[in-house]
Structures are given as structure tokens and as C-alpha cells.
Amino acid sequence: MKKIQSTCNLCALACNIDFYVEGEKIIKVSPTKHYPVNKGFCCIKGLNLDKQQTKVKKSIYPLLKDENGNIKEISWEEGFKVFVKKMTDIQEKYGKESVAYISTGQMTTEDMAILGHVGRNYMKINGDGNTRLCMATSVVAHKQTFGFDAPPYTLKDAELSDTLIFIGANPVIAHPVFWGRIMEHNKDANIIVIDPRKSETAMMANEWIDINPKGDLSLLYTVANVLIENEWINKNYIEDNTEGFEEFKEHVSKFTLDTVYEKTGISKERVYNLAKTIYEGKRVSLWWTMGVNQSYEGVRTAQAIINIALMTGNMGKPGTGANSLTGQCNAMGSRAFSNTSGLYGGGDFDNPIRRKAVSEALEVDESILATKPTIPYNAIIEKAIAGEIKGLWILCTNPRHSWANNDEFRKAAQNLEFLVVQDIYSDTHTAQLADLFLPSVPAIKKEGVLINTERRLSKVNPVLQKEEGELSDYEIIYNIGKHLGMGSLLDNWKTPRDAFELLKKCSKGMPCDITGVTYELLEGPNKEGSKGVQWPFKEGDIISEDERRLYEDCKYYTPSKKAKFHFEDVRENPMKTNEEYPYIFNSGRGTVGQWHTNVRTREIDESIKIYSEKSYMFMNPELAKELNISENERVKVKSMNGVCSEFDVKISDTVKKDHLYAPIHYIETNALTPSIYDPYSKEPSFKTVPVKIMKK
């Protein structure tokens, strides 16, 4: 029996796991004890990675749908030829950008990189990732404020804080290993949760601030004003390390305690006490995730959180920070190295210095590189519906389920001339619409690197060998490039290791410099095994600490080296409740054992026993009584977008009377969300949807 250390490719923690393998069978799975992220713990999802493709029938060879809708298995050679002919014919007829792709935050960094090379550099097409659905808001907030998408923290900061404030975050369910670390090492911390729903994390907190849906920006601006008025701020830090504070001070002066209840539902006494708690804390950390990001004003809300950390000097020190918790295991890899919204390693596509550096690193002429950022996810869908995009390549994601107002993706798919889906399962809602299905293998048969929420690079190692005929995502994309005729442009891309070496060169001198990282280092330089490496880690650096935070030197990545205060007026909610649609429908994680669209976690017996097979939502007992609705009754819910979904009702006082809450893991949930996006990040506003309820 051999032990193989690898990385979980589900949530953003990217825990490490030891697989005990005998022959080609996994005998045992256990959390890696020495790994700094999970320290010998793991959630039910990671512990069941060996179940991938064991209960649901898998495909080894491509599946092609004929003109009559019949599906037949074809060879890989034929699959690549069909892909290339269909996509190039579309481009020749309608133009280069009549083809696009949408990828994921769950492939390896090397997979994302070669996709960016084949799709963006060579095919000259647009390509976005489903990280747009979760982290785009934080990315833009970081870039505008810090000068680079560089979240400051290490997960250990949560163990060192005396005051932790969670805003639109539910780590008990979404990041359970992270929450476990807090409970084990920081039980005496003052934990405050700001959320419209009494989430599982709110139940565990010292205080639940039960804010009105989308009252968060008004609340944060008011807290900032209280801090300033009472001089509960760090004037030296503001003066030495920030820009734009005086303008910010003037802006928030109109957010007073006298008006805060009307805007947020929180009394002025509670808001004052929240500000005082921040002031009195010695090590305050503020954490946010999808409740903030997935909003029509998410970027400014994220920056309002950052502003509070900056003005109180809670940055760059142990136990502090304005810290965005990422959703997916490799959203950070996608953000830095996918060649979509910025060049490999960061930087703008029109920056001549960066273009020269990246072209030299890749050993290609500058003319090969993409010349502009991709259009965002929503624009790709909209252009497909409008008939401007005719060919679409979906990789390892399920937008028919996960996209906002998800019936729009069905409309887009119906309007395409050619839809390709690349995934480990051929029966997802999206794969069922495909003209060509390309089957890839799960992470237990792949090699590559993931970059987690705290900037930590960790290695995915093949635990099992691929069966005859099986291909990894990297191999599929590489072979598509070959059949497209890329020739020598693929000479330096033969393996994931080759790709990683190229990315290292691209990162040189950038904030995310990884020139000192090697596969060998990530595989473990000693018998104990790897502990991963946080970027930056440039060539010549020595690891002195397992966990490192940014901005300890108070230097940011802006031209002035100072962080910038960003702010603007609170936007009016574009979708308000009214007499016809009087209830607010919210969504988020369901149980620890579920993941995204339930595709992978449906193979975990223990998870299936816990969650409902049918879509459900939580309803307050008072509302249920008023509407004469009983426990488990199935009702219809209709939103302003005209779509109607059905849910079983679970009666619970965790939601307020006029609020509803449903897990995102059911296709019915995102059918109700509107096509509304943050103006800066283009992230969908998945939350706070006005709906009406109809008995069946």
C-alpha cells in the first residue's frame, strides 16, 4: 500500500488529503495531519473524493449528437476533428468572436493556462470562468483598492483575532474546516455575524446583526462615520498608508445614526455598539463572501469593509484584515493565471511592458497574445441569445443550473450552432444540451496546482492511473490545440509541468511572483510531505513560516504604494418588493455535504442521507400560518423575471416573516434570480429576489 498526498478540488480551502492506494484501488482516505490549512481535519466532501465517478455512469470517449438528436460514441480523434471543423467553420462564417468558452474555478491552474493559450491567444475568442459568479467582486475591489488582486490574510489570522466579523458569510456550512479552526483555537473571540438570515454561523456567534436585505452598504458607511466622529480611527495609519480618506470622511458624514434604522433595520444603539466593538478590539478581522459579492453593488460593499479595516489600522498584522473568503478551490488560480481578464501573472493586455514580459516568458511573438480582456460571462450568454455567438465551449461547469436566471442559458444553448461540454459527467443539466460531449477525468487522476483562498499553492497528484482511452482536461485542450494547427506554439506546453514553468516565468516581478515554487517543493521536500506555499514566493526565497500575510510592510501595489479609499452613493435596489411580489427570496449553501449543483456530491451516501432530493425553502412560522401552508407542502414561487419554481416548505424561525431562503444546489433556485449585475465586476446579483407564493 502506498500513501499519496493530494489536494481537494472542491471549496476554496483546498485541504490536503492522504490517499492510501493498493494496486488501482483507494483503500483509505484521511486528512493530511501536517498541512497548514486543514491540520488533520476534513469535511465530508473531501473525505469522499474517492467516490468520484463510482456510482454515476461515466463516459470514456466523446459523445456526438446527430441531426436527429441521437447520441453516439466516437473516437477521440474524431471528437477533436469535429470540434475543430465546427468551431473554425463558425469563425470563418461569422468572425473570430462568434465562438467563446466558459470555464471553471475547479480545474488546475495549468488547465486554465493552456485553455487561455489555445482559446484566447490562438483562437482569438472570448472566454470567461464561473469565478465570475463568486469572486469577480472581490477581484475588482482588491485591484482598485490595493492595486492588485491580492487578498491580505492567512487563515491563521482567524485564530489570532479577538474580534471576528462575518458579513454575508456562513463558514459553518461553506468553509467548515476553517470554522473548525476558529472553534478549536479561538473560542474566546467575540464573533459577530451580519446577515438577514439566522444562519448556522449566526447561531454560533456572540451577536447576530439581523440586517435588512441589502442594507449592508448603508450599515458599513454608518459604522465608518461613527468611528470617524468618535475618533476611533488610526490617524497615523491613514496618513502614512492610504489615499482619499478626507473625501471618504465627507461622503460617510451623511450616514448618521438617526437614519440607520430606516435603511438597515438595525437600531442606532446596536450600530454604535458595533463601531465601539471594532474600536475596542485589539486584533479585528472582517470576513466576507457571497452575501456581499453577489450583489448589484457588491464591489463598493466589499470596499466599504476594506475601508473600515484601513481606517482602524487592522491590516497587515496578525489577526486582522479585510478578508474575502473565496468559493472554489482554484478561483485564485483562475484570477491570476487564466489569461482572461488580465495577462498571465497579472497586468493589462494593453500594457507594453507586461506584453513583452509575457511573450518572452512564453517564447512567442507579442502578436500571438490576446489583445484585450474577455467579455464577461453575462455578455457571452447575451450574445449567444442575440445570435452573435454561434459556438460555445463549456468546461467543467454547469451553467444551465448555476447561471443567474438560468433559463437564459437554455435559450442561449438553443440558439447556438454548436455546443461543446467538457466534464467528468455526461448527465449534467448542461451536458444534456451538448452537441459534443468531451469526457475528462476527476482530480484523483490529474496533476497540477491549485491556489487557495489565502494564496497557497498546493499540488494535485494523480492517485489513480487513467484507464485506457481516458484523457485529462489538460490533454483534451492540448490535443484540440494540436488539431487546430498550433504546431510549435505548443512546444513548451506538452505537460502540466511545462505549463507551470511558463507561468512561473510570467509571474516574475509581479505581486503573485511564484518563481521560487517547484513541483518538487509542492510534493514535499521531506518525509513529512508538502505544506504548500503562499505567493509571493520568488526565486531565492526561503520558507521561514508556513503562513504569511501581505501588507505587513504597509506597502500596497498602487503607484503610490498606498491603499485607496473607494466609495459612492448607495444604489437603489433595482428589484424592490411590491404588492404583487411582497416576499424576499434569498439563497446560499444548504448543507456541508452539498456542493454547487449537486453533481459530484450526489455520489456521497452520507450526504444524500442528510439533504432533500427535492428543492426546498425555509419559511417563517408566522408567514406559513398566515398563508395556511404546512410543513413539507410543495408550493409555487414566482419571481419578477416571470419564472415559476416549486419548493417544499420547511418551516423555520431562522428566516424573518417576509423572507424565504433556498439552497443553491437545486436548479429551481437560480431560475428565479434576475439578470442584474454589479456595474464594475459584472457579478450577478443572486440575492434578495422579490417573489410571490402560490399554493398548488
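**Exercise 1.** In this predicted model, determine how helix H3 (residues 136–146) and helix H14 (residues 298–311) pack: state the angle and the distance between their axes.

*Solution.* Step 1. The two helices pack with their axes 9 Å apart and at an angle of about 50 degrees.
Step 2. Angles under 35 degrees count as roughly parallel and those of 65 to 115 as roughly perpendicular; H3 and H14 are therefore oblique to each other.
Step 3. The crossing in which H3 passes H14 is right-handed.

**Exercise 2.** Which residues of H3 and H14 meet, and how is their contact made up by class?

*Solution.* Step 1. H3 contributes Thr 137, Val 140, Ala 141, His 142, Gln 144, Thr 145 and Phe 146. These meet Gly 298, Val 299, Arg 300, Ala 302, Gln 303, Ile 306 and Leu 310 of H14.
Step 2. Sorted by class, the contact of H3 with H14 holds seven nonpolar, six polar and one charged residues.

**Exercise 3.** Establish the strand order of the five-stranded open sheet and explain why strands E10 and E13 each have a side without a neighbour.

*Solution.* Step 1. The order is E10-E9-E8-E12-E13, with parallel pairing.
Step 2. E10 (207–209) and E13 (321–324) are the edge strands; each has a single partner strand, so one of its sides lacks a neighbour in the sheet.
Step 3. On average, neighbouring strands of this sheet are turned by 20 degrees against each other, direction ignored.

**Exercise 4.** Describe the pairing of E8 with E12 and the placement of helix H6.

*Solution.* Step 1. Strand E8 (residues 163–167) runs parallel to strand E12 (residues 284–288), and five bridges join them. Within this pair, Ile 165 has Leu 286 in E12 as its bridge partner.
Step 2. Helix H6 (residues 176–185) lies across E8, E12 and strand E9 (190–194), and runs at about 155 degrees to E8.

Methods. Residues numbered from 1 in each chain as written. Predicted model: local features only at pLDDT ≥ 70, side-chain atom pairs only at ≥ 80, totals over all residues. Heavy atoms only, no water. Pairing = 2+ DSSP bridges. Helix = DSSP H or I, 4+ residues; strand = E, 2+ residues; numbered from the N terminus. Axes fitted to C-alpha atoms, helices over the stretch in contact; angles between N-to-C directions. Contact = heavy atoms within 4.5 Å. Parallel < 35°, antiparallel > 145°, perpendicular 65-115°, else oblique. Left-handed = near helix turned anticlockwise from the far one by under 90°. Nonpolar A, V, L, I, M, F, W, Y, C, P; charged D, E, K, R; others polar.
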